[in-house]
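Student: Could we go through a helix-packing example together? I would like to see how each label is earned from a value and a cut-off.

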Amino acid sequence: ALRYIQGALVGRESILGLDHPETVHSRFVKASILRCKAVSTMKPHYFNRSVSEGMLIDRFVGVINDFDEAETLVLSCMDTLGYILSNSHPLVICCRSELALIMISRGNYEMAEQMNQAALKMADDWGIPDENVRFDDFGV
């Protein structure tokens, strides 16, 4: 999935430009895939005793790098969409929610809770049901 979204992202950047909503959406999807990949790599069976110490370190570093890249991409999406639309637009709210998921995955629960509460408050201001705070719900 990561390889395919990277290809789509390169194509959209070259054809539509960096700030086009479809390009931003591709960045968002890539961030979500990276987060999911990092979380699945953290599963206990990936860190069993039969794996060498060097391999464990490589996996751990890979997880950290995936989270870092996902966070950078989501922040980029938030900046671009906040500038084009507004910081309280539903698409920016979805980015905030994804960023909170990254924080949860990293174990930063207090920050994630604050971000989620802010996202839910903004969604409530827009009249969006809490369970629907997702990027795909807004037609991008």
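Tutor: Here is a walk through the helices, their packing and a few buried residues.

Tutor: Keep in mind that this is a predicted model. The protein chain has 5 helices and 0 strands.

Student: What pattern does the protein chain follow along the sequence?

Tutor: Reading along the sequence gives α-α-α-α-α. Of the contacts with a separation of 6 or more, 61% link residues 24 or more positions apart. As for burial, 36% of the 140 residues count as buried. The chain exposes about 8,200 Å², and carbon and sulfur atoms supply 56% of that area.

Student: Let's start with helix pairs. Why are H1 and H2 called roughly antiparallel?

Tutor: Helix H1 (residues 2-15) packs against H2 at an angle of about 160°, and their axes are 9 Å apart. Angles over 145 degrees count as roughly antiparallel, so H1 is roughly antiparallel to H2. Their crossing is left-handed.

Student: Which residues of H1 and H2 make the contact?

Tutor: From H1 come Leu2, Ile5, Gln6, Leu9, Arg12 and Glu13, while the H2 side includes Glu22, Arg27, Lys30, Ile33 and Leu34. By class, this contact has 6 nonpolar, 3 polar and 6 charged residues.

Student: What makes H4 and H5 roughly antiparallel?

Tutor: The reasoning runs along the same track. Helix H4 (residues 90-106) and helix H5 (residues 109-126) pack at about 160°, with their axes 8 Å apart. The cut-off for roughly antiparallel is over 145 degrees, so H4 and H5 earn that label. H4 passes H5 in a left-handed crossing.

Student: How many nonpolar, polar and charged residues does the contact of H4 with H5 have?

Tutor: That contact has 14 nonpolar, 2 polar and 1 charged residues. Among them are Ile93, Leu99, Ala100, Met103 and Ile104 in H4, and Met111, Ala112, Met115, Ala119 and Trp126 in H5.

Student: And H2 with H4: why is that pair called roughly parallel?

Tutor: The axes of H2 and H4 cross at roughly 20° and come within 11 Å. Angles under 35 degrees count as roughly parallel, so H2 and H4 are roughly parallel to each other. The crossing of H2 and H4 is left-handed.

Student: Which residues meet between H2 and H4?

Tutor: Phe28, Ala31, Ser32, Arg35 and Val39 in H2 meet Cys94, Cys95, Glu98, Leu101, Ile102 and Ser105 in H4. The class count is 7 nonpolar, 2 polar and 2 charged residues.

Student: Arg35 caught my eye. How do you know whether Arg35 is buried or exposed?

Tutor: Arg35 lies in helix H2 (residues 21-41). Its relative accessibility is 13%. Buried means under 20%, so Arg35 counts as buried. Leaving aside neighbours within four places in sequence, Arg35 is in contact with Phe67, Ala70, Glu98, Leu101, Ile102 and Ser105.

Student: What makes Glu71 buried?

Tutor: Glu71 is in helix H3 (residues 53-84). Its relative accessible area is 19%, and the limit for buried is under 20%, so Glu71 is buried. Apart from neighbours within four places in sequence, Glu71 is in contact with Leu99, Ile102, Met103 and Arg106.

Student: Ile102 has turned up a few times now. Why does Ile102 count as buried?

Tutor: Ile102 lies in helix H4. The relative accessibility of Ile102 is 0%, and buried means under 20%, so Ile102 counts as buried. Beyond neighbours within four places in sequence, Ile102 is in contact with Arg35, Phe67, Ala70, Glu71 and Val74. Ile102 and Ala31 are 71 residues apart in sequence and 9.3 Å apart in space, C-alpha to C-alpha.

Student: One last case, please. How do you know whether Ala112 is buried or exposed?

Tutor: Ala112 is found in helix H5. At 1% relative accessibility, Ala112 falls on the buried side of the under 20% cut-off, so Ala112 counts as buried. Setting aside neighbours within four places in sequence, Ala112 is in contact with Ala100, Met103 and Ile104. The C-alpha atoms of Ala112 and Leu101 are separated by 6.9 Å, with the two residues 11 apart along the chain.

Terms used. Residues are numbered from 1 along each chain as its sequence is written. This is a predicted model: local features need pLDDT of at least 70, side-chain atom pairs count only at pLDDT 80 or more; totals for chains, interfaces and linings use all residues. Side-chain values use heavy atoms; hydrogens and water are left out. Axes are lines fitted to C-alpha atoms, for helices over the stretch in contact, and angles run from 0 to 180 degrees between N-to-C directions. Helices (H or I, at least four residues) and strands (E, at least two) are DSSP runs, numbered from the N terminus. Angles under 35 degrees count as roughly parallel, over 145 as roughly antiparallel, 65 to 115 as roughly perpendicular and the rest as oblique. A crossing is left-handed if the near helix is turned anticlockwise from the far one by less than a right angle, and right-handed if clockwise. Contact means heavy atoms within 4.5 Å. Ala, Val, Leu, Ile, Met, Phe, Trp, Tyr, Cys and Pro count as nonpolar, Asp, Glu, Lys and Arg as charged, and the others, Gly among them, as polar. Buried means under 20% relative accessible area, exposed over 50%, partly exposed in between (1.4 Å probe, protein chains only). Accessible areas come from the Shrake-Rupley method with a 1.4 Å probe; for residues, only the protein chains shown count as cover.
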